[in-house]
There are 4 protein chains.
Amino acid sequence: MDIEILAVGGYNEFGRNMTAVRCGKEIIIFDMGIRLDSLMMYPEIEMENSHSLDLIQMGVIPDDTVMNQLEGTVKAVILSHGHLDHIGAVPKLVHRYNAPIIGTPYTIELVKQQIEGEKKFGVSNKLISIKYGQRYNISNTLSMEFIRTQHSIIDTATVALYTPKGAIIYALDFKLDRNPVLGEPPDFAKFKKIGKEGVLCLITESTNVNRKGRCPSEQIAKNMVRDVMTSYEDDKNAIIVSTFASHIARVKTIAECAHEIGRKPLLLGRSMERFCVTAEQMKMVRFPDTTSVFGNRRVVERTLRRLIKSGKEQYVPIVTGHQGEPGSILTRIAQNDTPYKIERGDKVMISAQLIPNDMNRAQRYRMFTMLKSQGARLFDELHVSGHAYCEDHYEFVHMLNPQYIVSAHGGIDLTSEYLGLATELGYTLNKDFFLMANGQRQKLA
Amino acid sequence: MDIEILAVGGYNEFGRNMTAVRCGKEIIIFDMGIRLDSLMMYPEIEMENSHSLDLIQMGVIPDDTVMNQLEGTVKAVILSHGHLDHIGAVPKLVHRYNAPIIGTPYTIELVKQQIEGEKKFGVSNKLISIKYGQRYNISNTLSMEFIRTQHSIIDTATVALYTPKGAIIYALDFKLDRNPVLGEPPDFAKFKKIGKEGVLCLITESTNVNRKGRCPSEQIAKNMVRDVMTSYEDDKNAIIVSTFASHIARVKTIAECAHEIGRKPLLLGRSMERFCVTAEQMKMVRFPDTTSVFGNRRVVERTLRRLIKSGKEQYVPIVTGHQGEPGSILTRIAQNDTPYKIERGDKVMISAQLIPNDMNRAQRYRMFTMLKSQGARLFDELHVSGHAYCEDHYEFVHMLNPQYIVSAHGGIDLTSEYLGLATELGYTLNKDFFLMANGQRQKLA
Amino acid sequence: MDIEILAVGGYNEFGRNMTAVRCGKEIIIFDMGIRLDSLMMYPEIEMENSHSLDLIQMGVIPDDTVMNQLEGTVKAVILSHGHLDHIGAVPKLVHRYNAPIIGTPYTIELVKQQIEGEKKFGVSNKLISIKYGQRYNISNTLSMEFIRTQHSIIDTATVALYTPKGAIIYALDFKLDRNPVLGEPPDFAKFKKIGKEGVLCLITESTNVNRKGRCPSEQIAKNMVRDVMTSYEDDKNAIIVSTFASHIARVKTIAECAHEIGRKPLLLGRSMERFCVTAEQMKMVRFPDTTSVFGNRRVVERTLRRLIKSGKEQYVPIVTGHQGEPGSILTRIAQNDTPYKIERGDKVMISAQLIPNDMNRAQRYRMFTMLKSQGARLFDELHVSGHAYCEDHYEFVHMLNPQYIVSAHGGIDLTSEYLGLATELGYTLNKDFFLMANGQRQKLA
Amino acid sequence: MDIEILAVGGYNEFGRNMTAVRCGKEIIIFDMGIRLDSLMMYPEIEMENSHSLDLIQMGVIPDDTVMNQLEGTVKAVILSHGHLDHIGAVPKLVHRYNAPIIGTPYTIELVKQQIEGEKKFGVSNKLISIKYGQRYNISNTLSMEFIRTQHSIIDTATVALYTPKGAIIYALDFKLDRNPVLGEPPDFAKFKKIGKEGVLCLITESTNVNRKGRCPSEQIAKNMVRDVMTSYEDDKNAIIVSTFASHIARVKTIAECAHEIGRKPLLLGRSMERFCVTAEQMKMVRFPDTTSVFGNRRVVERTLRRLIKSGKEQYVPIVTGHQGEPGSILTRIAQNDTPYKIERGDKVMISAQLIPNDMNRAQRYRMFTMLKSQGARLFDELHVSGHAYCEDHYEFVHMLNPQYIVSAHGGIDLTSEYLGLATELGYTLNKDFFLMANGQRQKLA
């Protein structure tokens, strides 16, 4: 059986991840994501009403027309985790493939909601929810398994695709957090076992491979958030926190700190509602009993009005808008577009890093300037990354001992940074270590 | 006679320059500018319809309410040059002062147009146009003179205010270009003469004081533009150039290079029309005979349509939009909002530097990305600065030998960079070298 | 009584801190430090044999010849903490003043050792050791007190000098760590009390005032170090850690983590011995019982040889050299100049940040390159700062409510960054907020 | 005939360039350079006495042991130009190959001097000097030609190797300067002709491919130097200029400017003597008649002493040391180690850019700090690059129209930057565009 990899999306840019693997006549697709910063350049575009070909041309979703290079039948679309750069293009592309969508329970639930929101295309692919550690037979020759790992969203999996030539490991995205805040540490035993049985190829993210050492545990972020939030006990000013709505562990930390200082956590914003309520309903997280969640814009307005009346010091609004996104709650508060008025000494805490592109930089700068002009005190970068650093990758490769490595998750400026490590580990460029470009194929066996 | 300086605007930020000097009971104001990047944060604001108090609160124009600290009568508003950060607030603020506006001929002409465009306030102050080297008596005790210098707009002056205690030199903005493209070099003889007669205080810009050496001559920019533009003789692709509309010398260079390669220069855009036609009518510049100018948006559209028909290779559009400003011609071309379609191999040249703030960075990034996706070839930074470097300042102070120096033109992050040079020149912080903040006064004598 | 401040050193540069305060005829000196990066430019200089005038000319120690501007008698030299940029010039300068040296117990012990090592000058000033919270009468009119705070060395104090016109608070250097690893949190109650009684002037460090939010607690550094060190249990490779020898809390953390993973901590290097043994003898810290300390170079060599024999996996050497300093242990290991050979997979952890100057950058780069070429795995920045961030300063000023603020601890590029915060807090440049230069005086009352 | 490329050196790092091409059984080597910054890390190494295997291990010269992968006989070692990163390893490696060394006349002359200085190995390979445009037959099947181009050293060639499968173009390093100061512009006609006849592969440098637009002409550097040097006519202070000794065109510019302002040019330093005297003797340059050259250290000292006596204002020393190299003349002047004393107001001009690595940064910082402390005025970056920018590469590929492109001259962080342009030009990664690593082979035909 010959095996080849097709880089569909996310190899020329950061975002819109999609990779296909052909094993003989059978094809497996990993992820179908979108590229958010391309979308940001066209503020007038409504995603749910757009056609896939237009979105392809704008670079927002993967150009899957290259799939016709591969001879074979798509047997499964496997999703690694629920971030939009990995699942956001499912409603636009998946209907072209007569194959089931496979994901961990939380990821599948998010995809289901995405598909329901889609207005242009009808999607009728079967949705299959598989837990960590369960083996699933895709066909007579291929099976797969989700291996437990950690990332900045719950239920993230490293995917093992078992082929007659050995396992193919798809590891976008992950961190080797030994001390996580939510869920269990990565399944090191399983990685080692698979490594012993034989790994044909590791397809790995490379985001932070140029950062020395190990990615700090989410526990560090928890301590940073807690240290700051608990240092204002007798302060009557507001404390507002913004973080990634999908980062359930972080939202939990913030809500618990709010509770600890005697303030009620208020989760505000549509995406905050979607990610957190879904997680809670699936019993994957428990927030303090005093927590409320409001997503609808009018209800949010009403809640903010009530909050102002009863006293800012009784609540901690946990809101969207950490990147200064237009229309997000924090941006609207900064613009004085909500009933919530910022006063001198109010604390605004950002438990996120700047996602480094010029569009975000401008939006954040504008939001921060407006918040400061109203007297807000700003706290930034109460955050740790969700992506493995160099020494995590070093450990990961040592456990898996793959025959080939493909560096993915970004343009060549990012993926090529893996080469240094690969060389130290004994791999050679273009021989058993590959850098790829969108639309390009690489034979393995 | 006691003399003091009041920092009104431009000492906490880059832009909205305004400084007042009180000599006994008489007050002189230097410049009344706006801050463009504050304006950019409020895209919905229409400058010409806004009230000054709102603009002050947004930080767009100087907060001249601090003027009531000074006891005395404003005798003159002296403008150094025609850039908006030096004259843009005149229509909003000048009517409060019963005093004439004094400037060089080109500056006065631009102010006149500004005042005509103002819709909120009526301005009836007398406009006085004075040429370089003419002495003008402001009162029995005070007189002034514009000293010829160079900058990125024509007719820029260093102002000498003659008081009984010595001259006060207001040098915002300047470069000591010995080899300019338009106009004469700075009047070194006059600077030395004044230096010998006695300078009480030098109020100086500090923009590039941290850059080693001398600011390159505009001749260097001319050569850079020419080198690139003349390297595509048998190319049938478009050549589009964008530069500062107010940088008449540069526009002239570009138009001449277009002429040299057998293409007709087309000056397009409202501000391009305003600055260039005014300069030409005043006989301060001559463009090649083949040059046309169109400002009105509909006429620009029509011109672009005609241009496409007759062949891109016959013209060089010289357009606004080098910073990616929304609504500018180059941005609209990038967005495919004009009849002018970018094709593979078309050259887009930016004869300007990025004005470094996050808003511009985002807008330029967006424009460049769109141009590139259509196949344009990009040329950037065909430019030299219009602001003196460290060794120019060194020479300047040596010629003037002032008793006191005030570092102006920016927040303390910029103005404080002058301290190193001042110390090397024998000045001492807070003794004869001053850093100021908006609203603050400094006694001199 | 008139009071004025004289900036002696550390106002034009980072390092060589020294400030004098004259109250009537009595003068108090705060700190006498050295500038390490100036020293680095003259590798041939032997500090202990150099004359003060030479060191002044090289910019290594403060130019205290400016002290003759002040009319009065020096009554005390008060030292805030034991870092070299605060006490390193004591042996070179203090003998000129007929006054006692006052410090907290640990600081005084370090100064004593410094004076013993001095070969050029004889120092006979009285050494007075004062604990946190004790009031000490300097004269009939002046008294002082060390207030407990936190920093990256133990026994750091914020100094309160009580004058008839109110307290003068000297706060170089500090962080408001509510959750320290060693010692107690800062004495917030005392700061608030003094704030109520009246503070004439706050002389404050400004190092991190441009960093948003609060400085992370030392607890965060502890967690980061622990996370990484405990992730290699069944690894037989070396683990070497380098940190600031004077950062006793950090050394303790590292030693405890070594103990936790079953390895013996080995503190190696002359300065490691000096700072840590002194602290342990004074019962200010307790290291695990398995800890050994060796300072003498030949003993260190012998220890490393023994270590290699018995097995790297039994020890964690905690060594000097985090900046790549020539002659330090880690640098010599990197250069293969010791019996300790780096092998593939050995871990080298730096629990420190790069001190940002070009000399350090080059030395670190060289050391890292050599370590990597031998197969070492590098971990960097397992560290948090010891200097207050913007919101710590905000809280500090709110507690103290000083009439005047002087921003210190660096050139104007650093000290001027405090101006933004000062303005937000209602202070005005040159009125009640001052930026100073070496040799300059500022009257307060 | 099958053809393959072997990346020997300069593909994992910047420097030590060496590439081999096998055509059937015949092998051609391009360049044998050294890596200067590796050498800088071992200040005790004496290059001329070192063994090649030691130098390979330190990463200073290419690891040509990988050559044994290739089956065939080396027929020629072709050198593109005389910079050390292209010819510096010849004395260490070339004796292993029984083949002639081929270069342009100036390059061959420099190699001859290198070989004479070598103390470890005897080199007896034949040296063949070929002018631009001459065809030279290497064997029955292979011939070659040097094509005229421009770079920062005279007599630089782009090499065309003619094979039965088409030409292989080796273009390290070049710029497409249409208006050079010395020599003729690149031979565009020849490039176009070869492009039409068929180019199998372009091996190209990628240094500045990420810089937009075109590389500025050397004429720009000439104007920048002239502008500054001629702005101090009635100044009695020293003017010292440092530039690359091998940059003959630049040295000529500086010498001519010195002459123009009535000062005698003094070329000082061993490498200054080697490069400039060689060029003059070969009649490739003419300096002003008032020019003197001194290389020997003792003669330089004597000259400086004489110069001080007769008056600094009569000379312009043109010296080595622009990177702050230890032992260079400018560094020794800065350290006050020569008879030449810097005085307040003396001008030190650097007509070079910083070669960006941490070692240089530190050395330059140290030198500049010392010069400033003695009162020197500093001028930096009076320079333009010698490497093609993005649009030069775009034009170059259009002229040559190669079947394959290999991006060379640096680690993958640099070479991968060519991918963006290659993609725009229609090339595909791993199909007809290749990124390589040291020791790796790539089949072409």
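This report walks through how the chains meet, what UniProt says about chain A, and a few strands in chain B. Keep in mind that the model is predicted.

**Chains A and C**

Let's start with the symmetry. Chain A lands on chain C after a rotation of 180° with 0.0 Å of shift along the axis, and the RMSD of that superposition is 0.0 Å. That is how a two-fold axis relates two copies. If you want to find the axis from chain A, look for A:Ile220: its C-alpha sits 3.2 Å away, the closest approach of any residue of the chain.

Now for the contact itself. On the chain A side 20 residues take part, and they touch 20 residues of chain C. Three elements of chain A each bring at least two residues to this side: α7 (218–229), β17 (377–379) and α13 (390–400). The largest share belongs to α7(A), with six residues. The interface residues of chain A are 100% shared with those of chain C, so the two copies use the same surface to meet each other.

**Chains A and B**

There is also a contact between chain A and chain B, built from eight residues of chain A and eight residues of chain B. Here is the make-up of the chain A side in each of the two contacts:

| Side of chain A | Nonpolar | Polar | Charged |
|---|---|---|---|
| touching chain C | seven residues | six residues | seven residues |
| touching chain B | four residues | one residue | three residues |

**The annotated span of chain A**

What does UniProt list for residues 15–224 of chain A? The entry, which is unreviewed, gives "domain: Metallo-beta-lactamase" for that span. In the model, helix accounts for 23% of residues 15–224 and strand for 25%, while the C-alpha atoms at the two ends are 28 Å apart.

**Around β3 in chain B**

Over in chain B, strand β3 (residues 26–30) is a good place to stop. It's mostly covered, with four of its five residues buried. Which strands pair with β3(B), and in which sense? One is β2 (residues 18–23) of chain B, which runs antiparallel to β3(B) and is joined to it by five bridges. Within that pairing, B:Thr19 has B:Phe30 as its bridge partner. The two strands make a hairpin with two residues in between, and the turn includes B:Gly24, whose phi is positive at about 65°.

The other is β4 (residues 73–78) of chain B, which pairs with β3(B) in the parallel sense, again over five bridges. In this case B:Glu26 is bridged to B:Thr73 of β4(B).

Technical notes. Residues are numbered from 1 along each chain as its sequence is written. Chains are lettered from A and ligands numbered from 1 in the order in which they are written. This is a predicted model: local features need pLDDT of at least 70, side-chain atom pairs count only at pLDDT 80 or more; totals for chains, interfaces and linings use all residues. Copies are superposed by least squares on the C-alpha atoms of residues with pLDDT of at least 70 in both. Two residues are in contact if their C-beta atoms, placed from the backbone, lie within 7 Å. UniProt positions are given in the numbering used here, feature names are shortened, and annotations may be inferred rather than shown by experiment. Ala, Val, Leu, Ile, Met, Phe, Trp, Tyr, Cys and Pro count as nonpolar, Asp, Glu, Lys and Arg as charged, and the others, Gly among them, as polar. A residue is buried if 20 or more other C-beta atoms lie within 10 Å of its own, exposed if 12 or fewer, and partly exposed in between; C-beta atoms are placed from the backbone. Two strands pair if DSSP finds at least two bridges between them.
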